[in-house]
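Subject: Structure for your review

Dear colleague,

Please find below the structure I promised to hand over. My notes on what was found in it follow directly after.

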Amino acid sequence: MSRKKKEFPVFEKVTIAEVAAEGKALTKVNDFVVFVPYAVPGDIVDLRVTRMKHHYAEAEAIKFHAYSPNRVKPFCTHFGICGGCKWQCLDYREQIKYKQRQVVDNLTRIGKIELPEISPIIGSEKIIAYRNKLEFTFSHKRWLTREEIAQDVKYEQMNAVGFHIPEAFDKVLAIDKCWLQDDINNQIRNAIRDFAYEHAYTFFNLKTQEGLLRNLMIRTSATGGLMALIQFKITNAAEEAQKNDLLKYVAEKFPQITSLLYVNNDKHNDTLEGLEVKVFRGEDHIFEEMEGLRFKVGPKSFYQTNSEQAYRLYKVVRNLAGLTGGELVYDLYTGTGTIAHFISRQAKKVIGIEYVPEAIEDAKVNAAINGIGNTLFLAGDMKDILTQDFIDGYGHPDVIITDPPRAGMHPDVIGTMLFARPERIVYVSCNPATQARDLSLLDANYKVTAVQPVDMFPHTQHVENVVLLEKRNHD
């Protein structure tokens, strides 16, 4: 006997009140908090509960009685399905207002930080086609929308290339047009898709780990560079020939590609770690440029995915660091050394530390390309490298710049920073919540004197934040 499916309630004519975490909105029904995706504060809606917990519920809007004055029409046909760009329905001026509030709330509620007057968020001049890198997945299992299922259409072509659906790891939404990058991403992706359909190429099956086509990465740069990297899983001579035919077709159809690369990946994930990337045509890299500095970007390199906002972010960092030319600067989580190189002209010496060895090699190459001689780059786990012995050996820094991953900094790293006692710390974060946690650990010795949010990712809930901490005068 099958279990009867639980029926959840419907709430009628509810006014959406606020923006919440993860790009959702929220409202209260009889003091019960309800989270709603793809809604805007001011919308009046009927809600169908999809998930019920003790203290909150999740729901979907099934009918709009009135639209918020801050609602705008989403420009992407995939809005609401692919899981990205969740704030497309919210006017951009409102987006950055809520992002600024998110920063304030995290620093005050989590960090319990006494804040100075916070600078207005630096919005992005580009709100579409602002990314320089996108990755697409090939899958034998296309995601069907509710409308497609309701039409009961039998799709002969279930292969798809696009984005993974949230909470459906083995399914991919077929993307026709993505607005996040220059339109060249759509031209290349769709051409490869059509060629693969025409020649009966196999798309990857994540469960069985079979199929020739796995992944496509496209990178663009302000200098005109264009990189396309195709991941295959090649198991026999016939698939090797198919790989060559596809690459030849892409090279001929898109002569503007300056770096056409491929990799044979037989791992259980699409990361490039441990894989040899091969050049089919052109160079193995492209170049980015910033204030006359050139940065070599390879397929495994980390580079901020919003180039124009990255420049604005780095100018904020340099300004807050207050460099006069005589300082020793530690650049923690340096990546490929972009910030280190950017500030090197204003410092006596910059020491960059990063976990990923390949990134450090890129940093050294970029230093050589730009003729920068006052930087030193070291690879290893931050908590293992940045020790009291390290500081005794290399010198106590005047300024520390730190740009950790979303998880924030390890407590040992914070402890060593306190031992180092720099005059100033510039903390760059892509997660104000973990930044707030770390700031609370620094608060006894350092006072927050400046806060500058920067929007790197329009139409998402994510926000970058830069904080300046200055040493308190205890002695």
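I begin with His459, which counts as buried because its relative accessibility is 4%. Please bear in mind throughout that this is a predicted model. His459 sits in the loop that runs between E21 and E22. Neighbours up to four places away in sequence aside, His459 touches Phe75, Cys85, Lys86, Trp87, Gln88, Gln95 and Ile127.

Cys85, one of those contacts of His459, deserves a remark of its own. Its phi is positive, at about 50 degrees, although Cys85 is not a glycine. Most residues other than glycine have a negative phi. Cys85 is placed in the loop between E6 and helix H1 (92–110), and with a relative accessibility of 13% it counts as buried.

Ala129 likewise is not a glycine and has a positive phi of about 50 degrees. This residue is found in the loop between H1 and strand E7 (133–139). Is Ala129 buried or partly exposed? Its relative accessible area is 28%, so Ala129 is partly exposed; the cut-off for buried is under 20%.

The next two residues are both glutamines.

Gln304 lies in the loop between strand E15 (293–297) and H5. Its relative accessibility is 8%, and therefore Gln304 counts as buried. Not counting residues up to four places away in sequence, it touches Asn132, Ala310, Leu313, Tyr314, Asp403, Met456 and Glu464. The C-alpha atoms of Gln304 and Ile127 are separated by 16 Å, and the two residues are 177 residues apart along the chain. Ile127 was named above among the contacts of His459.

Gln452 belongs to strand E21, which covers residues 446–454. With 12% relative accessibility, Gln452 counts as buried. What does the side chain of Gln452 reach? The partner is the backbone oxygen of Pro120, at 2.8 Å. Beyond four places in sequence, the residues that Gln452 touches are Ser119, Pro120, Ile121, Ile122, Val316, Glu464, Asn465 and Val466. Glu464 thus appears in the contacts of Gln452 and also in those of Gln304.

I turn now to the nonpolar interior. The largest nonpolar core has 82 residues, and within it Leu213, Phe232 and Leu246 have the most contacts. Helix H5 (residues 307–321) gives the most to this core, namely seven residues. For Phe232, with neighbours within four places in sequence left aside, the contacts are Leu212, Leu213, Arg214, Lys243, Leu246, Leu247, Tyr262, Val263, Asn264 and Asn265. A second core, separate from the largest, has 35 residues and includes Leu107, Met382, Phe390 and Val413.

Leu107, named in that second core, is located in helix H1. Its relative accessible area is 0%, so Leu107 is buried. Apart from its neighbours within four places in sequence, Leu107 is in contact with Lys112, Ile113, Leu115, Pro432, Gln435, Ala436, Leu439, Val451, Asn465 and Val467. Which residue lies 333 residues from Leu107 along the chain, with its C-alpha atom 8.8 Å away? That residue is Ser440.

Helix H11 (residues 432–442) has several buried residues: Pro432, Thr434, Gln435, Ala436, Asp438, Leu439 and Leu442. Pro432, Gln435, Ala436 and Leu439 also figure in the contacts of Leu107. Residues three or four places apart in an α-helix point the same way, because the helix has 3.6 residues a turn. The cover over the buried residues of H11 includes H1, helix H10 (411–420), strand E20 (424–429), E21 and strand E22 (464–471).

Finally, there is a pocket that may interest you.

The second largest pocket has a volume of about 1,400 Å³. Its lining consists of 34 residues, and those nearest the centre are Pro37, Tyr38, Glu60, Gly80 and Arg146. By class, 17 of the lining residues are nonpolar, five are polar and twelve are charged. At least two lining residues come from each of strand E5 (44–52), strand E6 (56–66), helix H2 (146–150) and strand E9 (168–174). Which element gives the most to this lining? E6 does, with six residues.

With kind regards

Key
Residues are numbered from 1 along each chain as its sequence is written. This is a predicted model: local features need pLDDT of at least 70, side-chain atom pairs count only at pLDDT 80 or more; totals for chains, interfaces and linings use all residues. Side-chain values use heavy atoms; hydrogens and water are left out. Helices (H or I, at least four residues) and strands (E, at least two) are DSSP runs, numbered from the N terminus. Buried means under 20% relative accessible area, exposed over 50%, partly exposed in between (1.4 Å probe, protein chains only). A polar contact is a pair of N or O atoms within 3.5 Å; within protein, one must be able to donate a hydrogen and the other to accept it, and residues adjacent in sequence count only if both atoms are side-chain atoms. Contact means heavy atoms within 4.5 Å. On a 1 Å grid over the protein atoms alone, a cavity is a set of points where a 1.4 Å probe fits but cannot get out, and a pocket is an open set with protein on both sides within 12 Å along at least five of seven lines; lining residues have an atom within 4 Å of a point. Grid points are joined across faces, edges and corners, and a volume is the space filled by probe spheres set on the points. Ala, Val, Leu, Ile, Met, Phe, Trp, Tyr, Cys and Pro count as nonpolar, Asp, Glu, Lys and Arg as charged, and the others, Gly among them, as polar. A nonpolar core is a set of buried Ala, Val, Leu, Ile, Met, Phe, Trp, Tyr and Cys residues joined through side-chain atoms within 4.5 Å.
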